[in-house]
Structures are given as structure tokens and as C-alpha cells.
Amino acid sequence: MKIQTGHGMITLTALLAIYSISMVTSLPGLAISPILGDLKNIFKDASDLELQMLESLPSFIIVPFILLAGRLSLRINKKRILIIGLSIFFGCSVIYPFSNSLWLLLVVSALLGVGAGMIIPFSTGLIADNFTKRYRTRQLGIASSITNITLVLTTFLAGVLADINWHYAFLVYCLSGISLLFAFKLNSAPPAAPQRAQPANDTPVSTNHNWPVALMFLYYFITFIVLTVPFNLSIYMETLKFKDPDISGTYISVFFLAMTIPGLFINNIIGWLRSYTNVCSSAAIALGFVLFLVKGGPVLLTIGVILIGLGYGCMQPIIYDKTSTSTAESHATFALALVMAMNYMAIITYPFILEILQGIFSTDTSYFPFLLSTILAGIFAVFTYFKRNTSTLGIQIQR
């Protein structure tokens, strides 16, 4: 079976290989969350910082290696970089279940970050290489949805496995083995796109001209806003005396599920909303946070997390698509690596920035994050309305 790319055809196997990479991008640090409580009892002499590093260390390591992999993609065969990254990641997934010391867990976590960083740019970079116009937009939407749905399913699976034995939670990382097998089926070079062909003697230009700074800031900004939900929802619900604060995990799952929906229909959404796509997406995020401010019941909270998830899930593939179209084809993977690194930068910096702002305003730690996100999302919605036709935020329907 052949799949239309906009300038040729690729095999279904190659497409599945690209999809499988999107599965892996959501995995780093995932297995640690459900077993942190167990690890405190197992490693009694370990400090809280050491245990927290098990969860956060991969994200710190991922950022520089995303940038490194993106830069190497300008000169080295992308398939080779991808296979090396997947091999490191899969090797870590094999070692993890047999790790019985904290120092070994930390070393393997660092190596996992190395492997993940080398993989992540290609989850979108290979789509930019192989697809064009509306075909690329559609596939970027599907890839975003796969990442988000994998996050939901593997989080649940990691929790189930951790209930059996804490070592088993790490088995979710073995999904990378599927990606590794598929990676060998990829072509070493993407199909040529005559309309964007580069001269034979073309050489990469200075990276200063290829950093999509506006799109990097945009992705960091919206990611920072929506991180309020997974980072602060449980504290918010506990403070408001919900009958079952533990149900916050269910709301977070609904949030990630809502993020998957827009990607599956991204071309239809853009076709309906056109230049107002980002306006409606940012307005949905703002309205979702407003529902948190009214301190309503479970129904309003459910609607709120769904609106925030839908808004972010819509903007995510649009930013990827805009990044790939605003740079030379040979630099698309590098540009996407720069933008995708902002997701992890937001995750790393969010707690520190929030703590500084809460200290400045000396305010309620459970309510303030949602108030801040409401204000930022509202400002952004107004900004996107007036800037909807600019080169950075504008939406073009590519046939």
C-alpha cells in the first residue's frame, strides 16, 4: 500500500515507522511518576532531590541532545542518527528493570535522555522531509495525536505494572524496540520535492538565519500556560476540598485525550476557521482557565480541561507545520528541533518561574497558577486576533 505525500508516494511501512517515533517522544520520565512513593521506601537514605532527579533528569539531558541531533541532521544521514538514538533508548529500557541501586537508575535516566533527545526531532522532521502542503499538515496533526494518546495509555500501563512490581513500570520504555525495528525500513533519503529542490552545490547557511525565534517563543509560551493543568490540578482540587482529590489524575487524562482530537482533523479545522484558527484555539485555552477561576464543580472542571486540551492540541501541529514551511527544506529538521526543544524548556523552567512569581506576589499557591494562566491566555487570544494575518501566526490553506 502506498501513501500520497504531495510530491510522490511512500510505503505504509515507512509511514508506520514515522508514527512509531511519535510514540517514543512521550515516554521519557514516564515510568518514574507512579513509583516515586515506592522509591522513597526502597532507597531510604536518598534525598528528595535525588529521587526527583530520576523524573526530571531526562528532560534536562533531552534539550541539548535535541539541538545536537537537529544540527547533525544538516550533515549526517538522518536514518543513522535515528537508529543510534533508538538503540540507546531501547538499551536503557532493557537495563532499567534490572537496576537495583539509585546511582545506576540515575545513570540510565541520563542515557535515556540522550537517546530521546536524538529521536525527538525526527518525529516531525521526517514528516517535513516526506510530505508537503496539506498532506504534511495532516500528518503532523496525526503525529501530535499519537504522541498525546500514547502518553495517556502508557501512563495508565506504567501505573498497572508498578502495582505488580516497581521494576515492571520501566517496561513501558520497551515500546522503543518497535520503533527501532521500523527505523530500518526507512529510506536513507526522503523522496525529492521538485518544487523545493536545492542547487547541487547548496551548503547550509549560518544557523543564525535558521533559528525560528518567534515560533520557538510561541511554542514555549503556550506550553508554559497549559502546563498549569498537569502541574497544579491536584493541589487546586485538594485546596477546594473536593470529595476525592485523587480524581485529579482522571482530569489530567481527559486533558491529554482532548489534546489528541484536533490533530486527527487539523485540515478540517483549518478549513473551517482559516485565519481565525489560532484565535479560536487561544480563546478556548483562556475560557478553559476562566472555568477554573469560578471554582465550580466537576462539570465545569471537565469542560475547562477539555477546552484547554483542544486549544493546545490544535496549535501544536500548526506550529510544527509553520516551522517546516518557513525554512529551507534541508534545514526543516533542525528548525523543528529548535522548536520542539521549547516544550522541554517549558517543563524544566515552569516550576522555577512559578515559584518566583508566587514569592513576588505572596499569593495562594493553589489558585495563583490558574489566575496567571488565565491572564496570559487572555492576552494571547487578543494578540492572535490582531496578528492573525502576520507571517508567524497566519494560517495558509495549502492545497
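In this predicted model, Ser-362 adopts a positive phi of about 45° immediately after helix α15. Helix α15 itself comprises 30 residues. The distance from the first C-alpha of α15 to the last is 41 Å, close to the 44 Å expected at 1.5 Å a residue. The helix is nevertheless kinked: a bend of about 45° is located at Thr-349, shortly before the proline Pro-351.

The largest nonpolar core contains 116 residues. Within this core, the residues with the most contacts are Leu-82, Phe-170, Tyr-173, Leu-233 and Phe-292. Helix α15, spanning residues 332-361, is the element that gives the most to the core, contributing 14 residues. Both domain 1 (8-185) and domain 2 (210-387) are represented in this core, each by at least three residues.

The surroundings of Tyr-173 were examined with neighbours within four places in sequence left aside. Tyr-173 is in contact with the run Leu-27, Pro-28, Gly-29, Leu-30, Ala-31 and Ile-32, and also with Phe-89, Ser-93, Tyr-96 and Leu-112. Apart from the core of 116 residues lies another core, of five residues, which includes Ile-269, Ile-270, Cys-314 and Ile-318.

Helix α11 consists of 17 residues (248-264), for which a rise of 1.5 Å a residue predicts a span of 24 Å. The end C-alpha atoms of α11 are 26 Å apart, and the two values therefore agree. Along α11, the buried positions are Ser-248, Tyr-251, Ile-252, Phe-255, Phe-256, Ala-258, Met-259, Thr-260, Pro-262 and Gly-263. These buried residues are covered by elements including α7 (133-164), α9 (213-226) and α10 (228-239), together with α12 (266-273) and α14 (298-325).

No disulfide is present; the structure holds zero. Cys-280 is in no disulfide, and the nearest cysteine sulfur to that of Cys-280 belongs to Cys-314, 8.6 Å away. A disulfide requires the two sulfur atoms to lie within 2.5 Å, so a pair beyond this cut-off is not counted. Cys-314 is likewise in no disulfide, with the sulfur of Cys-280 as its nearest cysteine sulfur. The two cysteines fall into separate accessibility classes, for which the relevant limits are under 20% for buried and over 50% for exposed. Cys-280 has a relative accessibility of 36% and therefore counts as partly exposed. Cys-314, by contrast, has a relative accessible area of 5% and is therefore buried; Cys-314 is also among the residues of the five-residue core.

Conventions:
Residues numbered from 1 in each chain as written. Predicted model: local features only at pLDDT ≥ 70, side-chain atom pairs only at ≥ 80, totals over all residues. Heavy atoms only, no water. Helix = DSSP H or I, 4+ residues; strand = E, 2+ residues; numbered from the N terminus. Expected span 1.5 Å × (residues − 1). Buried < 20%, exposed > 50% of the residue type's maximum accessible area, 1.4 Å probe, protein only. Contact = heavy atoms within 4.5 Å. Core = buried A, V, L, I, M, F, W, Y, C linked by side-chain atoms within 4.5 Å. Domains from an automatic or database assignment. Bend = angle between axes of the 7 residues up to and from the residue.
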